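Colleague: I should like to understand the reasons behind the descriptions attached to this structure. May I put some questions to you?

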Amino acid sequence: MVSKDVIFDEVRRNGREWIIRGGRVRSRSRPSTWHNVEVRIRRLRNSEVAIVGRCDCEAFTKGHMVCWHMLHLTNVFIRNRRKLVNGLGISVN
Ligand SMILES: [Zn+2]
């Protein structure tokens, strides 16, 4: 476990893109609630990073916002990438 607030289930790599499915991120306002989050993180050639994803929270489903859960999952993943890749038995294409 790399974070009290984020659970990783499936992480795959496809070329320059990381695909994270079945992620769970704890709600900040309601700590007993976890949101289901999926993100794809791609490093572009101009050194920008593209994040595409979805979340089941209200900010995303009703407000169409890139929500804190997607960003938090992404940040925790990037910070702990080596540990996660070794620990989860991730498939790399
Ligand atoms: Zn969210």
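Modeller: Certainly. Let us begin with Val52: leaving aside neighbours within four places in sequence, Val52 is in contact with Val39 and Arg40. Please bear in mind throughout that this is a predicted model.

Colleague: What makes Val52 a contact of Val39 and Arg40?

Modeller: Two residues are in contact if their C-beta atoms, placed from the backbone, lie within 7 Å. Val39 and Arg40 are the residues listed for Val52 once neighbours within four places in sequence are left aside. Val52 itself is placed in strand E5, and Val52 is also the bridge partner of Arg40.

Colleague: Why is Val52 called partly exposed?

Modeller: A residue is buried if 20 or more other C-beta atoms lie within 10 Å of its own, and exposed if 12 or fewer do. Val52 has 13 C-beta neighbours inside 10 Å, and therefore counts as partly exposed.

Colleague: How do you know that E4 and E5 are paired, and in which sense do they run?

Modeller: Pairing requires at least two bridges between the strands. E4 and E5 (residues 49-55) are joined by 7 bridges, so they are paired, and they run antiparallel. These two strands form a hairpin with 5 residues between them.

Colleague: What makes Ser47 worth a remark in that turn?

Modeller: Ser47 has a positive phi of about 75 degrees although it is not a glycine. Ser47 lies in the loop between E4 and E5. With 6 other C-beta atoms within 10 Å, Ser47 is exposed, because the limit for that class is 12 or fewer.

Colleague: Which residue in the loop between helix H1 and H2 has a positive phi although it is not a glycine?

Modeller: That residue is His64, with a positive phi of about 55 degrees. His64 is found in the loop between helix H1 (58-61) and H2. Since His64 has 8 C-beta neighbours inside 10 Å, His64 too counts as exposed.

Colleague: What pairings does strand E3 make?

Modeller: Strand E2 (residues 10-14) and E3 pair in the antiparallel sense over 5 bridges, with Arg12 opposite Ile19. The hairpin of E2 and E3 has 2 residues between the strands, and Gly15 takes a positive phi near 65 degrees there. E3 and E4 are also antiparallel, over 8 bridges, and Gly23 stands opposite Val37 in E4.

Colleague: Why may strand E1 be called a partner of E3, and how many bridges join them?

Modeller: At least two bridges are needed for strands to pair. Strand E1 (residues 6-7) is joined to E3 by 2 bridges, and the two run antiparallel. Val6 stands opposite Val25 in E3.

Colleague: How do you know that the length of helix H2 is as it should be?

Modeller: At 1.5 Å a residue, the 12 residues of H2 (residues 68-79) should span 16 Å. The end C-alpha atoms of H2 are 16 Å apart, which agrees.

Colleague: What makes one side of H2 the buried side?

Modeller: The buried residues of H2 are His69, Met70, Leu73, Thr74 and Phe77. They cover an arc of only 135 degrees around the axis, which puts them on the same side of H2. On the other side, Asn75, Ile78 and Arg79 are exposed. As general background, an α-helix has 3.6 residues a turn, so residues three or four places apart point the same way.

Colleague: Why is Leu73 called buried?

Modeller: The requirement is 20 or more other C-beta atoms within 10 Å. Leu73 has 28, and is therefore buried. Leaving aside neighbours within four places in sequence, Leu73 is in contact with Val6, Ile20, Gly23, Val25, Val37 and Val39. The C-alpha atoms of Leu73 and Arg24, 49 residues apart along the chain, are separated by 8.1 Å.

Colleague: Which residues have the most contacts inside the largest nonpolar core?

Modeller: That core has 15 residues, and those with the most contacts inside it are Ile20, Val37, Val39, Cys55, Met70 and Leu73. Strand E3 (17-26), E4 and H2 are the elements that give two or more residues to this core.

Colleague: Where is confidence lowest, and where is it highest?

Modeller: Confidence is lowest in strand E6 (residues 91-92), at a mean pLDDT of 52, and highest in strand E4 (residues 34-43), at 97. The protein averages a pLDDT of 91, and 94% of the residues score at least 70. Where pLDDT is low, the predicted coordinates should not be read in detail.

How values were computed: Residues numbered from 1 in each chain as written. Predicted model: local features only at pLDDT ≥ 70, side-chain atom pairs only at ≥ 80, totals over all residues. pLDDT = per-residue confidence, 0-100. Helix = DSSP H or I, 4+ residues; strand = E, 2+ residues; numbered from the N terminus. Expected span 1.5 Å × (residues − 1). Arc of directions from axis to C-beta. Core = buried A, V, L, I, M, F, W, Y, C linked by C-beta atoms within 7 Å.
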